[in-house]
Amino acid sequence: MRLLFCYLALLCLSVSQLAAQPRWNVALKAGAGWTGVWEARDSPYSISQGFKERFIPNQGIQVGAQVNYRLTSRFGIDIGLEYQTMKDELQRSFSNGNPIWEVEPSSVYNSARRIQVPLQVRYQLSSHPKSVYVLAGVIAGYLRSVEIDIPGFRQYDVPFHILDSGRLPRGDLPRYQFPLLAGIGVSIGRHVALELTYQYMKRPMEFLRYDPTFTTIGLTPSVSRLNQGLFLSAKYRFKKLY
């Protein structure tokens, strides 16, 4: 009985000590980086052979807030709410049977805006507040809009669903996305941290370049990977670490 009482007393003391620790924190986050991947391939929807597509990454930004919970001195869980923009550039080139490829004079810019909830697990390499940590997780994202911009010609929103009418290819752009993320961070103070994260999604984004408000139908769909990207972010925590 005395042993049980000592065990309960020790357990209550341990729980009270854990409750007194600042396990919860709130942080603001802002960052910028490159979205998309370098990719060159034959255009799959060309009417004739000899067309290539080259995708070039472009700038993206993300801003939001996070709630952090420290499980142990090393492990933590972060959940956030963010707004992210993504963009890449599409260049088309053609050969016309010649050995020298000619680049079309006007590039096409694909851009997207997404509301996302990243859920990540964080592991500090040491228990010191100013330490390096690694993180990994998944993003639950809702794609608000996708836009195609042909400079000097036309800019329009991409329809998310276009049914096959027998002569138009089917376009199906899912609004809900779940990229994976991984990265590394460093706490440069008890309030501020820097993070370098990469978000990856195996499924590309299929754009159907069909403008319903224009008189001419352009049957030139493209496959873009602008939902992948590398971001450098700064994070400010409202409560000091430890």
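How many bridges join strand β1 to strand β3? That's where I'd like to start today. There are 12 of them, linking β1, residues 24–35, to β3, residues 51–70, and the two strands run antiparallel. One position to look for on your screens: Asn25 stands opposite Asn68 in β3.

Before I go on, please keep in mind that this is a predicted model. The mean pLDDT of the protein is 79, and 71% of the residues reach 70 or more. Two stretches to treat with care: over residues 13–20 the pLDDT is below 50, and beyond near neighbours in sequence that stretch has 1 contact in the model. Residues 164–168 are also below 50, with 5 contacts beyond near neighbours in sequence.

Okay, back to β3. Strand β2, residues 39–42, is joined to β3 by 4 bridges, and these two run antiparallel. Here you can find Arg41 standing opposite Glu53 in β3. Then there's β4: β3 and β4 pair in the antiparallel sense over 17 bridges, and they form a hairpin with 4 residues between them. If you want a spot to click on, Gly64 stands opposite Glu82 in β4.

Now the inside. The largest nonpolar core has 16 residues, and those with the most contacts inside it are Ala112, Leu143, Val146, Leu173 and Met205. The elements that give two or more residues to this core are β4, β6, β7 and β14. β7 gives the largest share, 4 residues. Apart from this core there's another one, of 5 residues, including Tyr133, Leu135, Ile139 and Leu181.

Last topic, the aromatics. The structure holds 4 aromatic pairs, and I'll show you two. In the pair of Tyr142 and Tyr176, the rings are tilted, 5.4 Å centre to centre with 55° between the planes. Tyr142 lies in β7 and Tyr176 in β11, residues 176–177, so this pair ties together parts that are 34 residues apart in sequence. How accessible are they? Tyr142, at 33% relative accessibility, counts as partly exposed, while Tyr176, at 58%, counts as exposed.

The other pair is Tyr236 and Phe238. Their ring centres are 5.7 Å apart and the planes sit at 80°, so we call this one edge-to-face. Tyr236 is partly exposed, with a relative accessible area of 39%, and Phe238 is partly exposed too, with 48%.

That's my tour, thanks for listening.

Conventions:
Residues numbered from 1 in each chain as written. Predicted model: local features only at pLDDT ≥ 70, side-chain atom pairs only at ≥ 80, totals over all residues. Heavy atoms only, no water. Core = buried A, V, L, I, M, F, W, Y, C linked by side-chain atoms within 4.5 Å. Buried < 20%, exposed > 50% of the residue type's maximum accessible area, 1.4 Å probe, protein only. pLDDT = per-residue confidence, 0-100. Contact = heavy atoms within 4.5 Å. Pairing = 2+ DSSP bridges. Phe/Tyr/Trp six-rings, centres within 6.5 Å; stacked < 30°, edge-to-face > 60°.
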